[in-house]
Amino acid sequence: MKKTQKFRLLLDSTQLDFLCEAHNGISAVIVEEAGFKGIWGSGLSLSAQFGVRDNNEASWTQVLEMLEFMSDATRVPILLDGDTGYGNFNNMRRLVRKLEQRDIAAVCIEDKLFPKTNSFIKGQAQPLADIDEFCGKIKAGKDAQSDDKFSIVARVEAFIAGWGLSEALKRAEAYRQAGADAILIHSALGTPDEVLAFKKEWADRLPVVIVPTKYYATSTEVFRNNGFSLVIWANHLLRASIAAMQQTAQTLATDRNLFSVEDRVVPVSEVFRLQGAIELQEAEKKYLPLRQRGVQALVLAASRGTELGELTEQRPKTMVQVAGRPLLAHIVDALNATGIKNISVVRGYKKETVDLPNLNLIDNDEYEDSGELVSLLKGLRGIRQDQDLIVSYGDVLFNKYIVQMLAESEVALAVAIDTNWIESANRHRQADYARCSMPHSRESFSARVTLERIGVDIPPANIHGEWMGFIKISSEEISTLMKVVEQMLGNDDLRRAKLPDLLNLLVESGRQVQVLYTTGHWLDIDSLDDVLHAGNF
Ligand code: SPV
Ligand code: MG
């Protein structure tokens with residue numbers, strides 16, 4: 001339903017409804033969230049939030065700009081407090097057209113002179129508009145609207161200016177005949193006497209709107225029982241925010257710390273929520289190329305690395321010093337060098353020693369009687385689900401281009417395979433050899449090579465390379481992979497399964513794991529000899 005129609009229904013229904021003031025985008029959202037069916041674009045509050053007086057010091061286009069933010073941020077109709085219409089009938093026509101373009105449902109104009117003054121500042125001294133002139137303005141506004149549900153509320157200031165009931169009724173009737181859709185009868189008394197007297201005589205000729213700022217102690221039942229259409233809470237969010245801001249500013253100025261105020265302010269996450277940050281994240285998933293969403297890394301580093309003997313008595317292998325810094329620091333450097341900042345590390349053995357800054361630390365306290373898959377699952381559960389992922393072991397040194405290549409591949413799953421596997425074989429290392437859909441060659445450069453199997457037992461004639469321990473997983477694939485790992489771990493025999501077992505299972509079940517061939521430029525640390533080598537890497 002269009003906002004104009006929603007507002008007209010509020011006006012015309014026999015039930016009492018309420019509008020609450022808002023003065024910018026975020027206060028409009030707050031009003032809507034609180035459950036109000038409409039918003040009062042208060043002239044007092046809008047001018048106050050600009051830091052100027054309610055005397056048309058802010059131009060009408062400045063008001064209009066703010067209204068556009070308010071309207072864009074909400075679905076409930078906005079009734080603009082349009083002061084006197086910012087000029088004569090001609091200004092009023094243009095105002096109505098501009099309001100319609102911004103999806104503002106209605107405007108209220110008051111029968112005073114431009115530039116106006118707030119009704120609560122020396123109201124009695126304020127001159128009223130000529131009735132005929134004001135009627136012309138209403139007619140011009142009605143003729144200018146292109147949506148026949150757009151509403152014009154005529155505000156009668158006779159009581160404010162010190163005139164009596166008969167002047168108020170005379171004016172209201174003239175405005176009704178000029179085409180107004182409702183009458184706002186304003187009063188600065190501390191009791192509802194004037195508006196009640198008006199309503200009694202006026203009866204139901206047109207819906208009647210009131211602003212009980214000064215007669216705030218009156219029970220809402222009185223308004224309901226007397227058949228008013230709309231009650232406007234005209235400036236209370238502005239006043240609430242002024243009180244909160246003054247208190248916070250005072251405390252900050254005196255205490256000079258943030259902890260005095262932290263409990264009194266909303267968390268920044270609430271600001272983001274009100275701004276609609278979640279919608280943008282969803283849209284990014286839909287529209288942004290993967291590369292721009294960023295890539296994260298998950299380093300599996302829970303095991304001790306007993307093969308390094310004494311070196312890992314006090315710390316896990318990932319924290320063993322290589323060229324004066326822990327292995328993990330070198331890994332973090334290489335990841336950072338490819339632009340990967342979001343790095344999670346699964347730690348287990350001597351976990352308190354894995355304490356480098358800027359890491360998302362995930363604990364695997366079952367590291368002793370479980371395998372890599374348990375660490376992987378804990379890791380997958382503890383990372384962002386909306387970024388592509390590079391999984392790495394915590395004991396490899398590598399040139400950044402290897403990770404870069406993986407990060408840039410746009411497939412769901414990919415692994416890096418070193419064609420220089422003979423070197424490992426010559427060093428008599430147990431390596432994770434890979435059999436692929438085609439060997440590394442000129443053709444394989446442009447072909448889509450996929451993984452067929454990883455294992456330590458592949459016959460040399462079938463080996464196409466050595467898996468370096470990296471897996472690239474696209475963000476869309478993370479949740480699927482989590483389910484596969486959960487299923488595998490449901491089987492007790494697979495509790496100690498390793499990443500190659502997972503890759504083999506994926507391949508066997510028909511998933512494509514892309515192979516990216518590279519040659520050398522990495523080193524895994526499996527022996528004291530490797531630690532020494534690593535110093536020169
Ligand atoms: C406003 O909210 O700007 C109004 C209502 O016009 S009052 O301040 O009561 O005049
Ligand atoms: Mg006003």
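Visitor: What makes up the shell around ligand 1, by class?
Guide: In this predicted model, the shell has 4 nonpolar, 5 polar and 2 charged residues. The residues around ligand 1 include Trp40, Leu44, Phe120 and Ala234, plus Asp81 and Arg155. Asp and Arg count as charged, so Asp81 and Arg155 go in that class.

Visitor: Why is Gly43, one of the residues around ligand 1, put with the polar ones?
Guide: Gly is counted among the polar residues here, so Gly43 goes there.

Visitor: What makes the pair between Ser42 and ligand 1 a polar contact?
Guide: A polar side-chain atom of Ser42 lies 2.7 Å from an oxygen atom of the ligand. The cut-off is 3.5 Å between N or O atoms, so the pair counts.

Visitor: How do you know that His186 and Leu44 make polar contacts with ligand 1 too?
Guide: For His186, a side-chain N or O atom is 2.9 Å from an oxygen atom of ligand 1. Leu44 uses its backbone: a polar atom there is 2.7 Å from a ligand oxygen. Both values are within 3.5 Å, so both pairs qualify. As for cover, ligand 1 taken alone exposes 280 Å², and the protein buries 100% of that.

Visitor: Which cavity does ligand 1 take up?
Guide: The space taken by ligand 1 is the largest cavity.

Visitor: Why is the bond from Phe114 to Pro115 called out?
Guide: That peptide bond is cis, with omega near -5 degrees. Pro115 is in the loop between strand S4 (106–110) and helix H6 (131–144).

Visitor: What makes Lys122 stand out in the loop between S4 and H6?
Guide: Its phi is near 45 degrees, a positive value in a residue other than glycine.

Notes
Residues numbered from 1 in each chain as written. Chains lettered and ligands numbered in written order. Predicted model: local features only at pLDDT ≥ 70, side-chain atom pairs only at ≥ 80, totals over all residues. Heavy atoms only, no water. Near = heavy atom within 4 Å. Polar contact = N/O pair within 3.5 Å; in protein donor to acceptor, adjacent residues only side chain to side chain. Areas by Shrake-Rupley, 256 points an atom, 1.4 Å probe, with all protein chains shown as cover. 1 Å grid on protein atoms, 1.4 Å probe; cavity = no way out; pocket = protein on both sides within 12 Å on 5 of 7 lines; lining within 4 Å. Sits in = over half its atoms within 2 Å of the grid points. Helix = DSSP H or I, 4+ residues; strand = E, 2+ residues; numbered from the N terminus.
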